[in-house]
Amino acid sequence: MAISYKPHVQYSDYMDLSEQIRFQSADGKIWFGEQRMLLLQVSAMANFRRELVNSLGIERAKGFFMRMGYQSGIKDAELARHLRPHCSELDIFLAGPQLHSLKGMVKVRPIQIDLDQESGNFYGELEWIDSFEVEICQTELGMMDEPACWSLLGYACAYTSSFMGREIIFRETHCRGRGDEKCLIVGKPAEEWEDAEAFQEYFRSDPIIEELYDLQSQLSSLRTSLEKQQGQYYGIGQSHAYKTVCQMIDKAATGKVSVLLLGETGVGKEVIARSVHLRSERAEQPFVAVNCAAIPLDLIEAELFGVEKGAYTGANQSRQGRFERANGGTIFLDEVIELSPRAQATLLRVLQEGEMERVGDARTRAVDVRVIAATNESLAEAVENGRFRADLYYRLNVFPVKIPPLRERLEDLPLLAEHFLKKFHGEYNKRTLGLSDKALELCLHYRWPGNIRELENVIERGVILTDNNESISQDSLFAVFPDNPESKYEERLNATGQLVDVKSTAAVDGDWATRIITEGISLEVLEQQLMYKAMDMAQQNVSQAARLLGLSRPALAYRLKKIDSSL
C-alpha cells in the first residue's frame with residue numbers, strides 16, 4: 001500500500017530510539033542497541049576531513065565519507081526494523097531521519113515522502129537543518145563548490161535502499177556548504193537518475209585502494225604459499241599465549257621427538273598436531289588422526305596395528321592398521337589415555353624399537369612413524385591410579401605442550417569468529433553482517449567451557465538464525481542466554497535527557513504499583529498525572545501524547561475534556 005507523508009503531521013516521538021542508549025561509563029563504552037558508539041568532537045572530525053581532503057583530494061575524500069555513512073545507514077535500517085516491527089511503513093522509515101537527529105548529525109525535516117515497499121516505488125524530499133558537515137566546512141574547509149554533506153548522503157542512500165529492498169539514490173540539490181540558503185535532498189530509485197552510474201562510483205573502493213588491496217592480496221598469497229612450503233600452518237591466533245605455543249612447536253617440529261599435547265576439549269589439539277606434521281620433514285608423507293576414545297577397547301589394537309586373517313572371529317582378511325598407513329609420516333593419537341593396557345604395551349614398543357606386530361601375526365614389521373599424542377586429562381594422575389603405564393608416559397612426555405583454553409586467549413576470538421563466519425556463509429549460501437558489537441562483547445566475557453569447538457557451533461547457530469544482510473544478535477548466538485559475570489554498571493537517558501542508573505531505575509519501575517498503593521495515590525489522580533505528563537512530553541500535541549499512552553486520539557481528548565470540566 002502506498003503511503004505519503006503529510007508535512008502538517010508531526011511524526012513519531014524518539015522514545016523508542018533514545019531508550020536504546022546505554023552508558024557504561026566505568027568501562028568507557030556507549031551502546032546504542034547492539035552497536036557500540038562513540039562521542040566524538042565535531043572539531044576532531046573536521047581535522048580528520050581536512051587531512052583526508054589534503055591527502056587524497058576532494059573526490060576521493062568524498063567517496064571515503066560517503067562509504068562511511070553508507071555502512072552506518074545499513075546498521076540503522078536493521079535497527080529500525082527491529083524496533084518498530086508493528087508500525088506503519090512510514091513510521092519505520094522515519095526512524096532513519098530521527099536517528100540522524102538523535103546522534104547529533106543533523107535535524108531532518110521531511111517535506112514529501114511517497115513509499116510503497118510492495119511495489120518498490122519511492123520518492124522523498126527532505127531538508128537538513130544544522131548539518132555537522134556544513135559546520136565543518138564553515139570552520140575548516142571554507143565554502144565548497146559542490147554539496148558538502150557527504151557522509152549524511154551516504155547514510156540516506158544506504159538506509160533507504162535497505163528499507164526499500166532496492167537501490168535508492170539521494171542527491172543533495174541544495175547545500176549551505178556551497179552557499180545555498182538551505183540543504184535539500186531528493187531521493188528516488190537509481191534507474192530514475194540519468195547519472196546514476198557515475199554517482200555509484202562513490203560507493204566503490206577508490207582505485208588507489210583497489211591497487212593496494214591487489215598488492216596486499218598478492219603478498220598474502222605469496223606468504224601463504226611460503227608458509228605451506230615451510231609447513232608453518234598453526235590455525236588462527238595472534239595472542240601472546242597462542243604465539244608461545246607456536247614458538248614451542250617450531251622448536252620441536254623439525255626433529256623426531258614425540259609430542260604430548262595437553263589441554264581442554266575443543267582447544268584445537270588436532271590443528272596443532274597437523275601443524276607439527278606440516279612443519280616437519282615428513283610434511284609430504286601421510287598424517288593419520290585417531291580418536292582413541294571412539295574405538296571399542298576390544299578393537300583398538302586391530303585398528304591401530306592391523307590384523308591378520310583368522311586372528312579372531314570376523315577377521316576375514318588381513319589389513320593394515322593406522323600405524324602402517326602412517327608409515328613415513330605422523331600419527332596423531334587423540335585421547336591417548338583411553339588406550340587398553342595391551343595397546344599401551346604395543347605403542348611403547350613402537351616408540352622404543354620402531355617395530356610392531358599385527359594382531360594374530362608372528363611377523364615383526366618395522367615402522368617409521370612420529371607419534372603425537374593428546375589428552376584432556378592428567379596422564380600423571382592416570383599413572384598414579386594405575387590406568388596408564390608409567391614407562392609409556394615418560395616416552396610420550398618428552399616434549400609436552402599445554403594449549404591454552406579460549407578464555408585465556410580471548411583476543412583471538414574476533415579472528416576465530418570471522419573465520420567461522422566465512423565458513424558458514426559458504427555452507428549456508430547466505431551473507432550476514434557479522435556479529436553485532438553487543439554480541440561480540442558478550443562473547444568476549446563468556447568463559448567458553450567448550451572452547452573453540454563451542455564457538456564454532458555458536459557461530460553456526462547464529463548464521464542459521466540470522467537473515468541475509470542482518471547482524472547476528474546476542475539472542476541468535478545462544479539457545480540459553482549465558483550469565484555475564486562481567487556485566488557492569490550501566491546508565492541510560494531518561495525522558496528529560498539525564499543519565500540514570502539502569503538497575504536502580506528498573507528496580508523502581510518494577511515496584512511502582514506497590515509505591516503508588518503505599519503512598520495512597522488514587523487511580524483518578526494517577527490517570528490525571530499520567531495524561532498531563534504525556535502532554536508535557538509531547539509539547540501539548542494530543543496525537544503524540546496519545547501514542548505515548550497507548551490510546552487513540554479521541555480517547556485521550558475525551559479524558560482531558562472530562563478532567564477540565566470537573567475542575
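This briefing covers the empty spaces, one helix, one hairpin and some backbone angles in the structure above. The model is predicted. Its largest pocket holds about 1,000 Å³ of space, and a search of the whole structure finds 1 cavity of 30 Å³ or more. Helix 4 gives two or more residues to the lining of the pocket and also to the lining of the cavity.

**Largest pocket**

- The volume of the largest pocket is about 1,000 Å³, and 29 residues line it.
- Closest to the centre of this pocket are M37, L38, L39, K103 and M105.
- Three strands each give two or more residues to the lining: strand 2 (21-24), strand 3 (29-32) and strand 4 (35-37).
- Helix 2 (42-56), helix 3 (58-83), helix 4 (89-102) and helix 6 (150-164) likewise give two or more residues each.
- Helix 3 supplies the largest share of this lining, with 5 residues.
- By class, the pocket lining has 17 nonpolar, 8 polar and 4 charged residues.

**Cavity**

- The search of the whole structure returns 1 cavity at a threshold of 30 Å³ or more, and the space in the largest cavity is about 120 Å³.
- The largest cavity is lined by 13 residues, of which G96, P97, H100, L126 and A156 are the closest to its centre.
- Two or more lining residues come from each of helix 4, strand 6 (121-129) and helix 6.
- The cavity lining contains 10 nonpolar and 3 polar residues, and no charged residues.

**Helix 4**

- Helix 4 has 14 residues, and the distance from its first C-alpha to its last is 20 Å, close to the 20 Å expected at 1.5 Å a residue.
- A kink of about 30° is found at G96, shortly before the proline P97; G96 and P97 are both among the residues closest to the centre of the largest cavity.
- Because 11 of its 14 residues are buried, helix 4 is largely enclosed by the rest of the structure.
- The buried residues in the first part of the list are E89, L90, I92, F93, L94 and A95, and the list continues with G96, P97, Q98, L99 and H100.
- G104, just after helix 4, has a positive phi of about 80°.

**Hairpin of strands 2 and 3**

- Strand 2 and strand 3 are paired in the antiparallel sense, over 4 bridges.
- In this pairing, F23 is opposite I30 of strand 3.
- The two strands form a hairpin with 4 residues between them, and G28 in the turn has a positive phi of about 70°.
- Both strand 2 and strand 3 also contribute two or more residues to the lining of the largest pocket.

**Positive phi outside glycine**

- Most residues other than glycine have a negative phi.
- N429 has a positive phi, near 55°, and is a residue other than glycine.
- The loop that holds N429 runs between helix 16 (413-428) and helix 17 (437-445).
- N429 counts as exposed because its relative accessibility is 70%, where the cut-off for exposed is over 50%.
- N469, also not a glycine, has a positive phi of about 60°.
- N469 sits in the loop between helix 18 (451-465) and helix 19 (474-477).
- With a relative accessible area of 49%, N469 is partly exposed.

Methods
Residues numbered from 1 in each chain as written. Predicted model: local features only at pLDDT ≥ 70, side-chain atom pairs only at ≥ 80, totals over all residues. Heavy atoms only, no water. 1 Å grid on protein atoms, 1.4 Å probe; cavity = no way out; pocket = protein on both sides within 12 Å on 5 of 7 lines; lining within 4 Å. Points joined across faces, edges and corners; volume = space filled by probe spheres on them. Nonpolar A, V, L, I, M, F, W, Y, C, P; charged D, E, K, R; others polar. Expected span 1.5 Å × (residues − 1). Bend = angle between axes of the 7 residues up to and from the residue. Buried < 20%, exposed > 50% of the residue type's maximum accessible area, 1.4 Å probe, protein only. Pairing = 2+ DSSP bridges.
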